[in-house]
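Student: Could you take me slowly through one part of this structure and its surroundings? I would like to see how a single helix fits with the rest of the chain.

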Amino acid sequence: MGRLVRVHLFIDGLVQGVFFRSTTRSVAKKYGIKGWVKNLPDGRVEVVAEGGEENIQKLIEFCKRGPPGAIVMDVQIIWEEYKGEFDDFEIVY
């Protein structure tokens with residue numbers, strides 16, 4: 001599984017209303033990643049995710065392109081200390 005890591009992402013572009021959150025959740029669950037995704041009032045999507053380093057990289061790669069219909073302009077990546085605080089990957093409202 002590799003070392004466990006935590007990442008905080010801010011995804012900018014046309015990323016709301018295009019199934020970005022639900023597809024992100026599906027990708028995260030596929031790779032055993034825990035955390036959450038939510039829409040921000042400014043139009044960005046925010047993700048906090050924990051898991052194996054390789055799988056987190058796969059999630060980041062997905063977030064850089066998004067689902068069909070999304071136009072990702074920028075992904076801000078902030079590496080944080082792994083905390084192991086999540087049981088699942090959820091959409092937060």
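Tutor: A helix here is a DSSP run of H or I that is at least four residues long, and helices are numbered from the N terminus. Keep in mind that this is a predicted model. With that in place we can look at helix α1, which spans residues 20-30, and begin with what lies on either side of this helix in the sequence.

Before the helix comes F19, whose place is in the loop between β1 and α1. Phi of F19 is near 65 degrees, a positive value in a residue that is not glycine. Most residues other than glycine have a negative phi. F19 has a relative accessibility of 66%, and because exposed means over 50%, F19 counts as exposed. On the other side, α1 is followed by G32, whose phi is also positive, near 70 degrees.

Within the helix, the buried residues are F20, T24, V27 and A28. If you look down the axis of α1, these buried residues fall within an arc of 100 degrees, so they line one face of the helix. The partners of these buried residues are the strands β1 (4-14), β2 (34-39), β3 (45-52), β4 (71-80) and β5 (89-91), together with helix α2 (53-65).

The strands among those partners belong to an open sheet of 5 strands, in the order β4-β1-β3-β2-β5, with mixed pairing. At the edges stand β4 and β5, each of which pairs on one side only. From one strand to the next the twist averages 20 degrees. Helix α1 packs on this sheet, touching β1, β2, β3, β4 and β5, and the direction of α1 makes about 175 degrees with that of β5.

Strand β1 shows how the pairing works in detail. Strands of a sheet pair through backbone hydrogen bonds, either parallel or antiparallel. β1 and β3 pair in the antiparallel sense, over 8 bridges, and in this pairing V7 stands opposite A49 of β3. β1 and β4 also run antiparallel, joined by 9 bridges, and D12 stands opposite D74 in β4.

R6 is another residue of strand β1, and its bridge partner in β3 is E50. The side chains of R6 and E50 are joined as well, by a polar contact of 2.7 Å, and the side chain of R6 makes a further polar contact of 2.6 Å with the side chain of E85. The relative accessible area of R6 is 6%, and because buried means under 20%, R6 counts as buried. Leaving aside residues up to four places away in sequence, R6 touches a list of residues that includes I78, W79, Y82 and F86.

Let us return to the helix and to its link with α2. A pair of aromatic rings is described by the distance of the centres and the angle of the planes. With ring centres required to lie within 6.5 Å, the count comes to 1 aromatic pair. The rings of F20 and F62 have their centres 5.9 Å apart and their planes at 50 degrees, so the pair is tilted. Since F20 lies in helix α1 and F62 in helix α2, the pair ties together parts that are 42 residues apart in sequence. Both F20 and F62 are buried.

Notes. Residues numbered from 1 in each chain as written. Predicted model: local features only at pLDDT ≥ 70, side-chain atom pairs only at ≥ 80, totals over all residues. Heavy atoms only, no water. Buried < 20%, exposed > 50% of the residue type's maximum accessible area, 1.4 Å probe, protein only. Helix = DSSP H or I, 4+ residues; strand = E, 2+ residues; numbered from the N terminus. Arc of directions from axis to C-beta. Contact = heavy atoms within 4.5 Å. Pairing = 2+ DSSP bridges. Phe/Tyr/Trp six-rings, centres within 6.5 Å; stacked < 30°, edge-to-face > 60°. Polar contact = N/O pair within 3.5 Å; in protein donor to acceptor, adjacent residues only side chain to side chain. Axes fitted to C-alpha atoms, helices over the stretch in contact; angles between N-to-C directions.
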